[in-house]
Amino acid sequence: VKAFSSPQATIGALDAENAARLLAAAADIAVIIDRGGVVRDLAIHDDGLARELGAREQWPGRPWIDTVTVESRPKVEVLLRDAGRGDSPRWRQVNHPVAGRADVPVLYAVEPIGEDGRLVAFGRDLRSVSTLQQRLVEAQLAMERDYTRLRHVENRHRLLFEMSAEAVLIIDAQTHRITDANPAARRLFGPSAKRALSQPFSELFHPESRNAVVGLLAGARLGGRSEEVRA
């Protein structure tokens, strides 16, 4: 964090009331902590967040570390230790437990305040970010499920394609070139299958039948189905 270059000249002396307003405005949650790590006062912008945490009623007089989840306690210890040593503050996410509901994530940085070992913890409410992350995870899981279902469908179609006793060709709708042929179709063409299946579909037929074949393909492409033709 880069401090102001000349705070005495640009900000001047602040009384306690002005300092409190600035601290409260600087973050979603501002917590005043004494040298023993106990919460002495706090300010929360969002009344709904304050009620959800029960902070105004339950936090004052309690160790700050007791207001977070077990997994977040080591992070709080590091925040308090670094601030007590005067190290440059680092933001860390901690979670506050809420009975019967999901934990509330808050991003904190801690700074010394005054000369008696007091600290102020600045918190940023991460609930909206957490909600977006959860939605992203759910969307990703849904995509993975859809992809798995699609793979199953493709595998079933491929199995039917390969096992069909009828000759089946897959033809590109634009170029009319054959893109795939099942084993029955390859057996039908015999030794010349590789050469025959490398050309446009209509080229497999007698010149007198090619217009009918091209019309067959056009009908399938434009109308979704076509009538049978003899070629």
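## Helix 5

In helix 5, the buried residues (under 20% relative accessible area with a 1.4 Å probe, protein chains only; exposed is over 50%, partly exposed in between) are Val76, Val78, Leu79, Leu80, Asp82 and Ala83. Helices (H or I, at least four residues) and strands (E, at least two) are DSSP runs, numbered from the N terminus. This is a predicted model, in which local features need pLDDT of at least 70 and side-chain atom pairs count only at pLDDT 80 or more, while totals for chains, interfaces and linings use all residues. Residues are numbered from 1 along each chain as its sequence is written, and side-chain values use heavy atoms, with hydrogens and water left out.

The cover over the buried residues of helix 5 includes strand 1 (29-33), strand 3 (92-98), strand 4 (101-112) and strand 5 (119-125). Helix 5 has 12 residues (73-84), so at 1.5 Å a residue it should span 16 Å, and its end C-alpha atoms are indeed 16 Å apart. The expected span is 1.5 Å times one less than the number of residues. Glycine 86, with a positive phi near 80°, follows helix 5.

## Strand 1

Five of the five residues of strand 1 are buried. Ile29, Val31 and Ile33 lie on one side, with Ala30 and Ile32 on the other, and both faces are covered.

## Partners of strand 1

Strands pair if DSSP finds at least two bridges between them. Strand 1 runs antiparallel to strand 2 (residues 39-44), joined by five bridges; valine 31 has leucine 42 as its bridge partner there. Five residues separate the two strands in a hairpin, and glycine 37 in the turn has a positive phi of about 85°.

Strand 1 also pairs with strand 5, in the antiparallel sense, over five bridges. In strand 5, valine 120 stands opposite isoleucine 32.

Technical notes. Contact means heavy atoms within 4.5 Å.
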